[in-house]
Amino acid sequence: MIPKVLLSFLLLNLPALHASGDASRGTLKISTKINTTGFSNLVDKDRARAHALTQLHHLRERTTTSSGTSRRSLSAMNAAVFYTAEIGVGTPPTYHTLLIDTGSSNTWVGATTQYSPTNSSIDTGGIVTVPYGSGAFSGTEWLDTVTLTPDLVIQHQSIGVAHWTVGIEDFDGILGLGPVDLTMGTVSNALEVPTVTDNLYNQRTISQEVLGVFFSPASESSNNGELMFGGYDSSVTTSSVNYVPLTTTFPASEFWGIDQSISYGSTTILSSTAGIVDTGTTFILIATDAFQRYQSLTGATLDSTSGLLTITSSQYANLQTLSFNIGGTSYDLIPNAQIWPRSLNYIIGGTPGSIYLVVNDIGFPDGLAFDFINGYTFLERFYSIFDTSRQRFGIANMIYTNSNTN
């Protein structure tokens, strides 16, 4: 057996397959949906998601299925800004609006649009059950043709067809982009099921099992993004890509977990530790003691309505850079990147023109579980690459890294 440290080194140093003209890649356009249903405290939603995810650490949440395996998938949805894609299922395809989620791995449909079997549909007889931090779905498993784009078509993809859902609104299901281990035990007659990225690679539609994610800030006029399967889009990056191995620290190792430290100005507020990168979390959540240091250094006060820190205009003028050290490279959130878009204050129950910070308390001290979650407000500033083939995470500056649109 190859030692894990040596294996990580070998995987990280394989020759890069990225090339701008590579035909074995494909881009899926995704759209932004702003949640206007009146959530007044999105921090509570994020914190509930974080606690649900870390139940893997405290409770192991092992639910035995009829096959004797155990389910370990927990997730939830970003409560403020949804990224969705139109995904076709069947032959000919019926299109469903699915939520993009790197914190879960099952793909399923049927919450709002009925699934209609076609000639390509196969009922496996399996029962699918996936809980989320603020909801759940249960239904039956089918194998079917899934069309992401005309060039990204998957044969015999496992699809959950919802018979029952709770807490699922504004979209028809989920496109699960997390690690395949998170599907373990979710289907009654299978140990685990291949994800869409697994099958794209296994069916040789893409040459490497890599997902590039580009989000544009919600405050942008054209606030859309893209998923690139099989590589990354160098046209939107403004620096070289820095790759780091996925963390081996549990429970972050169950997800897209990395090691990083965080500094505010010249002061370290969180020493090097493990956490996760997650599209389903709205804010940047950090361990309680790190959050308290951040609050003290910024002079911010806690707003009871939104649950966010708020600062004055003069404090904003003196706000320092928040730096994330990932693999020896610093990724900097400029002051504007640390604040919630003022044009969207109504979503958080905020006061027009007030300034709210997007860094918040994860709800437990460092060393207990995850020490951070780099959520949407982090990912909208950096290009991220989820590389299953080499078990690594890539990050680069991109065109919105230094944007002042908030």
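**Exercise 1. Leaving aside its neighbours within four places in sequence, which residues is Ile326 in contact with?**

Before the solution, some ground rules. This is a predicted model, where local features need pLDDT of at least 70, side-chain atom pairs count only at pLDDT 80 or more, and totals for chains, interfaces and linings use all residues. Residues are numbered from 1 along each chain as its sequence is written, and side-chain values use heavy atoms, with hydrogens and water left out.

Step 1: place the residue. Ile326 sits in strand E19 (residues 322–326); strands (E, at least two residues) and helices (H or I, at least four) are DSSP runs, numbered from the N terminus.

Step 2: list the partners, with contact meaning heavy atoms within 4.5 Å. Ile326 meets Asn242, Val244, Ile258, Asp259, Gln260, Tyr331, Phe378 and Ile395.

Step 3: pick one partner and look at the backbone. The C-alpha atoms of Ile326 and Gln260 are 4.9 Å apart, although their positions lie 66 residues apart along the chain.

Step 4: check the exposure. Ile326 has 0% relative accessibility and so counts as buried (under 20% relative accessible area is buried, over 50% exposed, in between partly exposed; 1.4 Å probe, protein chains only).

**Exercise 2. Take the pair Tyr232 and Tyr383 and work out how the rings are arranged and which parts they tie together.**

Step 1: get the criteria. Rings of Phe, Tyr and Trp (its six-membered ring) pair if their centres lie within 6.5 Å; planes under 30 degrees apart are stacked, over 60 edge-to-face, and the rest tilted. The whole structure yields 15 aromatic pairs.

Step 2: apply them. Tyr232 and Tyr383 are 6.3 Å apart centre to centre with 65° between the planes, making the pair edge-to-face.

Step 3: see where each ring comes from. Tyr232 is in the loop between strand E12 (225–229) and strand E13 (242–245), and Tyr383 is in strand E24 (residues 382–387), so the pair ties together parts 151 residues apart in sequence.

Step 4: add the surroundings. Tyr232 is buried at a relative accessible area of 15%, and Tyr383 is buried too, at 1%.

Step 5: look for other ring arrangements. Phe324, Tyr331, Phe378 and Phe382 make up one aromatic cluster. Arg392 lies over the face of Tyr243, 3.6 Å from the ring centre; the test is that NZ of Lys or CZ of Arg is within 6 Å of the ring centre and within 35 degrees of the ring normal.

**Exercise 3. Trace how strand E15 is paired, and with which strands.**

Step 1: recall the rule that two strands pair if DSSP finds at least two bridges between them.

Step 2: go to the hairpin. Strand E14 (residues 257–264) and strand E15 (residues 267–277) run antiparallel and are joined by seven bridges. Ser263 faces Thr268 in E15. Two residues separate the strands, and Gly265 takes a positive phi near 60°.

Step 3: find another partner. E15 also runs parallel to strand E23 (residues 372–374), with two bridges; here Ile276 stands opposite Ile373.

**Exercise 4. Which strands stand at the edges of the open sheet E17-E18-E21?**

Step 1: note the layout, three strands in the order E17-E18-E21 with antiparallel pairing.

Step 2: count partners. Strand E17 (301–302) and strand E21 (355–356) each have a single partner strand, so they stand at the edges and one side of each lacks a neighbour in the sheet.

Step 3: zoom in on one pairing. Two bridges link E17 to strand E18 (residues 309–311), and Thr301 has Thr310 as its bridge partner.

**Exercise 5. Where does pLDDT stay under 50, and how does the protein score on average?**

Step 1: start with the average. pLDDT, the predictor's confidence in each residue from 0 to 100, averages 85 over the protein, and 83% of the residues score at least 70.

Step 2: find the weak stretches. Residues 1–23 stay under 50, with 23 contacts beyond four places in sequence. Residues 56–79 are also below 50, with 88 contacts beyond near neighbours in sequence.

Step 3: draw the lesson. Where pLDDT is low, the predicted coordinates should not be read in detail.
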